[in-house]
Amino acid sequence: GRGSDHRMAHFHESPSPHLTIVSAISSIYHSHTSKFQKIDVLDTKQWGRCLILDGLMQSAEFDEYVYHESLVHPALLSHPNPKTVFVGGGGEGATVREVLKHKSVERVVMVDIDGECVEVCKKYLPGHHKGSFEDPRVEVVIDDAKKYLEDRDEKFDVIIFDLSDPLEWGPAKMLYTQSFYTMCKSRLTPDGVLITQSGPAGLLSHHLVFTAIHKTLETIFGKVHGYATYVPSFLDLWGFNIASASVDLTTKSESEMDEMIQHRISGTLSFMEGKVLKSLFVFPKKVQQTLREETRIITDEATLHIPS
């Protein structure tokens with residue numbers, strides 16, 4: 001059986017060319033290559049049920065809330081009254097789940113390029129989406145997020161990119177460029193906020209894409225802040241960049257943030273509170289220096305990708 005086959009009983013992930021992590025697998029629910037990427041849903045002893053795309057951990061049952069709360073709530077709390085939200089990617093439905101906790105939200109458009117991935121997540125990751133796909137406020141579109149935004153004039157209060165990392169062969173690398181972010185700015189309302197997951201942001205990894213995404217956004221938006229949180233299943237600090245023409249969450253105090261969470265969010269947050277939120281924006285001196293000195297701007301002609 002599977003347990004006796006060494007290749008099937010373990011998941012090997014290489015966060016860098018010089019490091020491989022081996023996780024014990026207890027069950028395999030799905031393993032298939034879609035039109036866009038290889039999709040695996042596995043039960044692991046260490047992380048619970050996991051979504052793996054192109055051999056890289058995307059989301060794990062035991063700690064996904066850390067990533068998804070960190071991606072969603074700083075952006076929505078930055079906006080004074082977010083009613084319309086666009087989610088690019090987000091196949092597991094956990095990003096939408098967190099967006100729907102905000103009482104003001106009336107419409108969520110989630111656009112993911114890979115319909116097979118969305119269907120697999122609906123079926124095998126109920127603990128991630130918790131039925132959020134069925135909420136009447138949610139519209140799920142299977143399309144390229146770039147094309148969807150380009151083809152429509154609709155403006156959103158918040159745009160969230162829950163994308164896979166910019167990999168050379170992956171479907172998302174054109175969604176991290178200067179021209180793409182410029183177009184996104186035109187799809188935001190005046191107080192609009194854009195947030196993107198931005199790859200690893202640890203001491204030894206922040207230079208790969210995180211600081212370049214930050215620099216690229218700075219050429220377009222007046223207020224850009226990088227932040228990061230430790231996601232155990234990602235084996236590193238994980239980076240995000242939040243951008244806006246006008247609003248800036250970092251000026252709020254801990255108590256102001258706690259008050260906003262209390263009044264604007266229904267249900268409970270497992271990770272986020274004012275004190276934690278403030279701490280996400282604190283980086284070691286080395287990372288601060290790289291952010292200050294970064295010169296790379298990601299363009300359609302000069303895309304950036306994480307080395308494999």
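**Second largest pocket**

I started with the second largest pocket, which comes out at about 240 Å³. This is a predicted model, so every value here is computed from predicted coordinates. I counted 16 lining residues for this pocket, and E64, R97, G127, H128 and K130 are the ones nearest its centre. I then looked up which elements give two or more residues to that lining: they are α2 (64-78), α3 (94-99) and α5 (126-129). What is the make-up of the lining by class? I get eight charged, four polar and four nonpolar residues for the second largest pocket.

**Cavities**

Next I went after closed-off space. How many cavities of 30 Å³ or more are there? My list has three.

The largest cavity holds about 70 Å³ of space. I noted its lining as S78, V193, K223, H225, I242, A243, S244, V247, D248, L249, T250 and F281. Two strands, β11 (223-231) and β12 (236-244), each supply at least two residues of that lining. Which of the elements gives the most to it? That is β12, with three residues. By class, I have six nonpolar, four polar and two charged residues around the largest cavity.

The second largest cavity has a volume of about 50 Å³. Ten residues line it, and I wrote down L53, D54, Q58, S164 and L167 as the ones nearest its centre. Its lining splits into four nonpolar, four polar and two charged residues.

**Nonpolar cores**

I moved on to the packing. The largest nonpolar core has 49 residues. Which residues have the most contacts inside it? I noted M57, L76, V85, V99, V108, I160 and I195. Helix α2 gives the most to this core, with seven residues. Apart from this core I found another one, of 32 residues, which includes F156, Y181, C184 and I213.

I picked M57 for a closer look. Leaving out residues up to four places away in sequence, M57 touches F11, E13, W47, C50, L51, I52, S233 and F234.

**Aromatics**

I tallied the aromatic pairs and got twelve. One of them is F180 with Y181: the rings sit 6.0 Å apart centre to centre, with 45° between the planes, and I filed the pair as tilted. Are these two residues buried or exposed? F180 has 1% relative accessibility, so I call it buried, given that the cut-off is under 20%. Y181 is at 0%, so it counts as buried too.

I also found one aromatic cluster made up of Y67, Y227, F234, W238, F240 and F281. Two of its members had come up already: F234 is among the residues that M57 touches, and F281 helps line the largest cavity.

**Helix α8**

Last entry: why do I describe α8 (residues 210-218) as largely enclosed by the rest of the structure? Because seven of its nine residues are buried. I listed the buried ones as F210, T211, A212, I213, H214, T216 and L217. Of these, I213 had already turned up in the core of 32 residues. What covers the buried residues of α8? The cover includes α7 (178-185), β10 (188-200), β11, β12 and α11 (285-293). I had met β11 and β12 before, as suppliers of residues to the lining of the largest cavity.

Note on methods
Residues are numbered from 1 along each chain as its sequence is written. This is a predicted model: local features need pLDDT of at least 70, side-chain atom pairs count only at pLDDT 80 or more; totals for chains, interfaces and linings use all residues. Side-chain values use heavy atoms; hydrogens and water are left out. On a 1 Å grid over the protein atoms alone, a cavity is a set of points where a 1.4 Å probe fits but cannot get out, and a pocket is an open set with protein on both sides within 12 Å along at least five of seven lines; lining residues have an atom within 4 Å of a point. Grid points are joined across faces, edges and corners, and a volume is the space filled by probe spheres set on the points. Helices (H or I, at least four residues) and strands (E, at least two) are DSSP runs, numbered from the N terminus. Ala, Val, Leu, Ile, Met, Phe, Trp, Tyr, Cys and Pro count as nonpolar, Asp, Glu, Lys and Arg as charged, and the others, Gly among them, as polar. A nonpolar core is a set of buried Ala, Val, Leu, Ile, Met, Phe, Trp, Tyr and Cys residues joined through side-chain atoms within 4.5 Å. Buried means under 20% relative accessible area, exposed over 50%, partly exposed in between (1.4 Å probe, protein chains only). Contact means heavy atoms within 4.5 Å. Rings of Phe, Tyr and Trp (its six-membered ring) pair if their centres lie within 6.5 Å; planes under 30 degrees apart count as stacked, over 60 as edge-to-face and the rest as tilted.
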